[in-house]
Amino acid sequence: NNLAELYRTMGQYEKALPFFIEGIEITNHNISQNFTFLSEKEKEAYLKTVDYEFESFNSFALQYKSNATDIISFVFDNTLTNKGVLLKSSTAMRAAVLSSEDTVLISKFAEWTALNKQIARLYSIEKSKRFQDPKELEEKATIIERQLIQESQEFSDYRNLQNIAWQNVQQGLEPGEAAIEFISFNFYNKEWTDSTLYCALILRHDSKYPELIQLFEERELESYITSSSTNSDAGLIAILYGEKRGVGTLTANISVSYADSLYSLIWEPFNNLLKGIETVYYSPSGLLHNISFSAVPYNDSLLLSDKYNLVYVSSTGRIANPKSENVDLTSANVALYGGLQYDITADELLAGSNLYKQTNNDDLLAYNRSYTLADSSRGGSWGYLKGTLIESENINKLLREKQVSTTLYQGFEGNEESFKSLAGNNSPEIIHLATHGFFFPDPEKEKNDDRAFISEDKMVFKESDNPLIRSGIIMSGANLAWKGEEIPEGIDDGILTAYEVSGMDMFNTQLVVLSACETGLGDIKGSEGVYGLQRSFKMAGVDYLIMSLWQVPDKETSEFMTLFYTHLLNTENIRNAFAETQRTMRQKYDPYYWAAFVLIE
């Protein structure tokens with residue numbers, strides 16, 4: 001690497017290239033070797049020591065690509081190898097253990113999972129009230145995790161996942177299809193700059209080599225996201241996406257310049273490379289995880305989703321190793337949550353939890369009660385959401401009419417214990433959660449954030465340095481804990497964090513629908529993407545996720561979800577049903593009402 005940098009500084013690019021390539025190959029080998037025994041936290045720390053090598057190489061490739069077109073092949077391969085590498089490693093280990101049939105190994109995994117549950121419980125309690133330091137348990141968990149990683153190697157498919165090259169992705173593309181890997185990196189030009197560049201790696205079914213196109217600097221996209229003169233999500237979305245150009249109720253008096261600029265930043269620089277392309281698989285990076293590509297304007301009358309069939313993938317490597325998007329609903333089990341009651345006393349929480357543990361679901365219906373509180377959006381304070389009740393009942397009726405097996409959780413029965421029971425062999429093919437969701441930004445970066453609707457004595461979820469604690473789903477009875485009141489020992493608090501989800505076994509679940517606010521958000525960490533519910537459900541083993549990028553309105557969300565299951569029953573194809581739902585909603589509403597939801601493969 002030092003020789004490569006020396007030759008680059010001297011302007012001798014041809015001599016620098018082979019040293020860059022050799023250095024990167026050695027680094028990739030070292031990552032692969034070290035990942036056979038390090039815990040996830042240790043892997044993350046190790047990657048931070050080598051990230052600069054890939055950023056330097058990407059900078060070199062961007063500058064030198066006109067002299068060596070095949071250099072982009074190495075950039076694409078590095079991206080396939082290292083985008084989400086921690087997530088791939090963690091998921092592969094869990095899958096290997098659970099499918100190993102090694103009783104000792106599985107027992108050790110259960111011990112590790114139990115420790116993580118204790119850790120999650122401790123992190124949900126204020127520091128002054130904790131009966132044990134979670135750091136002590138984390139040290140024990142790390143030791144067991146290392147053992148699991150080492151002992152599961154012979155069962156793991158991790159190395160095969162890492163051996164994907166751009167040619168494998170291309171072989172998975174049909175005529176009329178293209179793959180786009182978005183990348184972002186700190187730009188190096190003889191010295192480190194303050195610029196974070198975004199580029200697109202374009203691969204068509206008929207490409208000789210992938211192409212690298214420079215897009216924008218991160219600060220440019222940040223300026224559009226933060227330039228809204230209103231704090232409302234509706235206003236910001238109208239400014240960013242500018243749907244219907246003055247026709248819609250939200251956009252009538254708003255300039256569309258931001259929307260036009262969003263297209264010019266993100267898509268226009270490479271659009272000429274997509275002639276004849278109908279389907280685009282795209283994998284975001286950095287702030288692009290927060291953009292609804294379906295709603296980005298293509299021209300005065302079309303959106304990107306009108307022009308292309310857009311498929312959101314965590315990595316375009318998924319094209320080489322696709323998972324079935326078809327659902328056999330005749331044999332599927334579906335768990336539905338909606339109309340949950342968040343206000344509860346400690347005695348009621350305890351009784352509801354015990355009742356759930358001791359009886360079947362039908363008995364819980366007698367324990368249910370209803371409220372007539374005002375509707376609200378699915379975020380903010382935890383008020384009753386009438387739309388989720390209608391939504392869950394409509395979906396339940398639709399599915400049952402087609403003889404699909406369903407379990408409906410409403411009122412008090414939709415507690416945290418009920419969800420955690422949906423693991424392992426009990427994990428259904430589809431889980432639908434219509435409720436509140438939350439995400440709080442990194443407290444170090446957002447010290448003046450105005451989302452402090454938590455009471456002063458209950459700031460633990462907002463102040464955590466772990467992004468998987470700062471994002472989650474609100475279950476029945478959660479307001480008691482959210483207000484900082486004591487929860488009976490041995491009872492879950494109703495606040496299902498991403499940290500808790502990440503420890504579950506959901507490898508039998510094909511689709512999770514999070515019909516709630518901001519469930520697709522989280523801390524964005526380099527090539528690892530979004531640390532939040534998105535990551536935790538992937539770690540748990542779920543194949544497909546439907547999540548939201550902003551606070552969604554209750555009534556229209558209910559309509560969106562009912563439409564989705566109607567189309568799913570007709571097509572039995574997750575991707576087609578989602579695309580058809582978006583098209584239907586687009587004919588009626590501005591993007592604010594439908595474009596928040598993304599399907600992640």
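Here is a short chat about a predicted model of a protein.

Visitor: To start, what makes up the secondary structure of the protein?

Guide: It comes to 23 helices and 16 strands. The protein has 601 residues, and 60% of them count as buried.

Visitor: What makes a residue count as "buried" here?

Guide: Its relative accessible area has to be under 20%. In helix α1, which spans residues 2-9, Ala4, Glu5 and Arg8 are the buried residues, so each of them falls under that 20% mark.

Visitor: How do you know that the buried residues of α1 line one face of the helix?

Guide: Look down the axis of α1: its buried residues fall within an arc of 95 degrees, so they line one face. There's a general pattern behind this: an α-helix has 3.6 residues a turn, so residues three or four places apart point the same way.

Visitor: What covers the buried residues of α1?

Guide: The cover includes α2 (13-34), α3 (40-64) and β1 (177-188). Just after α1 you'll also find Gly11, with a positive phi of about 80 degrees.

Visitor: Why is α21 called largely enclosed?

Guide: Eight of the eight residues of α21 are buried, so the rest of the structure largely encloses this helix. Among them are Leu533, Arg535, Phe537 and Lys538. Just after α21 comes Gly541, where phi is positive, at about 110 degrees.

Visitor: Does α21 turn up elsewhere, or rather, which elements give two or more residues to the lining of the second largest pocket?

Guide: Those elements are α5 (85-98) and α21 (533-540). With six residues, α5 gives the most. The pocket has a volume of about 860 Å³, and 38 residues line it. Leu87, Lys88, Thr91, Ser314 and Arg318 lie nearest its centre.

Visitor: What makes up that lining, in nonpolar, polar and charged residues?

Guide: The lining of the second largest pocket has 14 nonpolar, 15 polar and nine charged residues. Leu87 is one of the residues nearest the centre, and Leu counts as nonpolar, whereas Lys and Arg count as charged.

Visitor: Where is the predictor's confidence below 50?

Guide: On average the protein has a pLDDT of 84, and 86% of the residues score at least 70. Over residues 228-232, though, the pLDDT is below 50, and beyond near neighbours in sequence this stretch has six contacts in the model. Residues 244-256 also stay under 50, with 27 contacts beyond four places in sequence.

Visitor: And how much of the contacts comes from residues 24 or more positions apart?

Guide: Counting contacts with a separation of 6 or more, such residues account for 75%.

Terms used:
Residues are numbered from 1 along each chain as its sequence is written. This is a predicted model: local features need pLDDT of at least 70, side-chain atom pairs count only at pLDDT 80 or more; totals for chains, interfaces and linings use all residues. Side-chain values use heavy atoms; hydrogens and water are left out. Buried means under 20% relative accessible area, exposed over 50%, partly exposed in between (1.4 Å probe, protein chains only). Helices (H or I, at least four residues) and strands (E, at least two) are DSSP runs, numbered from the N terminus. The arc is that of the directions from the helix axis to the C-beta atoms. Contact means heavy atoms within 4.5 Å. pLDDT is the predictor's confidence in each residue, from 0 to 100. On a 1 Å grid over the protein atoms alone, a cavity is a set of points where a 1.4 Å probe fits but cannot get out, and a pocket is an open set with protein on both sides within 12 Å along at least five of seven lines; lining residues have an atom within 4 Å of a point. Grid points are joined across faces, edges and corners, and a volume is the space filled by probe spheres set on the points.
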